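Trainee: I would like to learn how to read a few local features in a model. Can we go through them one at a time?

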Amino acid sequence: MNILLVDDDANVLKAFSKGLALLGHEVTTAFNGRHALDILPQCCPDVVITDIFMPEMDGFEFIKALQDRTPWIPIIVLSGGGSGMSSDLFLRISEKMGVFRALSKPCSISEVAMAVDTCRPAGQDGSGHSNGTTLIH
């Protein structure tokens with residue numbers, strides 16, 4: 001699957017992108033929501049994994065913008081909390097926004113990989129064949 005991984009922590013980007021790539025996924029990284037929206041048309045993700053607490057455009061703003069542009073792409077949220085608020089609160093809010101899965105940081109690559117594996121690739125019929133779905137700009 002093509003995965004867009006969005007997080008402002010370079011160590012998270014490196015670890016998860018390497019781990020997911022070793023499992024056979026193609027991973028494109030972005031350091032915040034704005035950057036992710038800028039590269040979205042070029043990377044055509046099947047799944048998006050995003051942090052919530054990020055500079056410039058936080059995860060909630062990014063999720064809303066992504067859902068407006070590409071509502072068929074499953075979103076997995078990772079959050080360790082921030083601004084004195086617990087990760088549980090962030091995860092509950094993101095679930096109410098309609099994300100596919102919400103995972104609390106720290107989490108393992110196997111937890112993330114299992115969440116990714118449960119996502120049916122957008123634009124595919126389950127057999128890996130495209131059904132012609134395209135990104136909306």
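Mentor: Start with E56, in the loop between β3 and α3. Remember that this is a predicted model. Phi of E56 is near 70°, a positive value in a residue other than glycine.

Trainee: Is E56 buried or exposed?

Mentor: E56 counts as exposed, because its relative accessibility is 57% and the cut-off for exposed is over 50%.

Trainee: Which residue in the loop between α2 and β3 (47-51) should I look at?

Mentor: Look at C44. C44 is not a glycine, yet its phi is positive, about 45°. At 41% relative accessibility, C44 counts as partly exposed.

Trainee: How many disulfides are there?

Mentor: The count is 0. C43 is in no disulfide; its nearest cysteine sulfur belongs to C44, 6.7 Å away. A disulfide needs the sulfur atoms within 2.5 Å, so the sulfur of C44 is too far from that of C43 for a bond. As for accessibility, C43 counts as buried because its value is 13%.

Trainee: Where is P106, and what is the peptide bond before it?

Mentor: P106 is in the loop between β5 (101-104) and α5. The peptide bond from K105 to P106 is cis, with omega near -5°.

Trainee: Now helix packing. What describes two packed helices?

Mentor: Two values: the angle between the axes and the distance between them. Take helix α2 (residues 33-43) and helix α3 (residues 59-69): their axes come within 9 Å and cross at roughly 20°. Angles under 35 degrees count as roughly parallel, so α2 is roughly parallel to α3. The crossing of α2 past α3 is right-handed.

Trainee: Which residues meet where α2 contacts α3?

Mentor: From α2 come G33, A36, L37 and L40; from α3, F62, A65, L66 and R69. By class, this contact of α2 with α3 has 6 nonpolar, 1 polar and 1 charged residues.

Trainee: How do α1 and α5 cross?

Mentor: The axes of helix α1 (residues 10-22) and helix α5 (residues 109-117) come within 10 Å, crossing at roughly 60°. α1 and α5 are therefore oblique to each other. Handedness comes next: α1 passes α5 in a right-handed crossing.

Trainee: And which residues of α1 and α5 meet?

Mentor: F16, G19 and L20 in α1 meet I109, V112 and A113 in α5. The contact of α1 with α5 has 5 nonpolar, 1 polar and no charged residues.

Notes. Residues numbered from 1 in each chain as written. Predicted model: local features only at pLDDT ≥ 70, side-chain atom pairs only at ≥ 80, totals over all residues. Heavy atoms only, no water. Axes fitted to C-alpha atoms, helices over the stretch in contact; angles between N-to-C directions. Helix = DSSP H or I, 4+ residues; strand = E, 2+ residues; numbered from the N terminus. Parallel < 35°, antiparallel > 145°, perpendicular 65-115°, else oblique. Left-handed = near helix turned anticlockwise from the far one by under 90°. Contact = heavy atoms within 4.5 Å. Nonpolar A, V, L, I, M, F, W, Y, C, P; charged D, E, K, R; others polar. Buried < 20%, exposed > 50% of the residue type's maximum accessible area, 1.4 Å probe, protein only.
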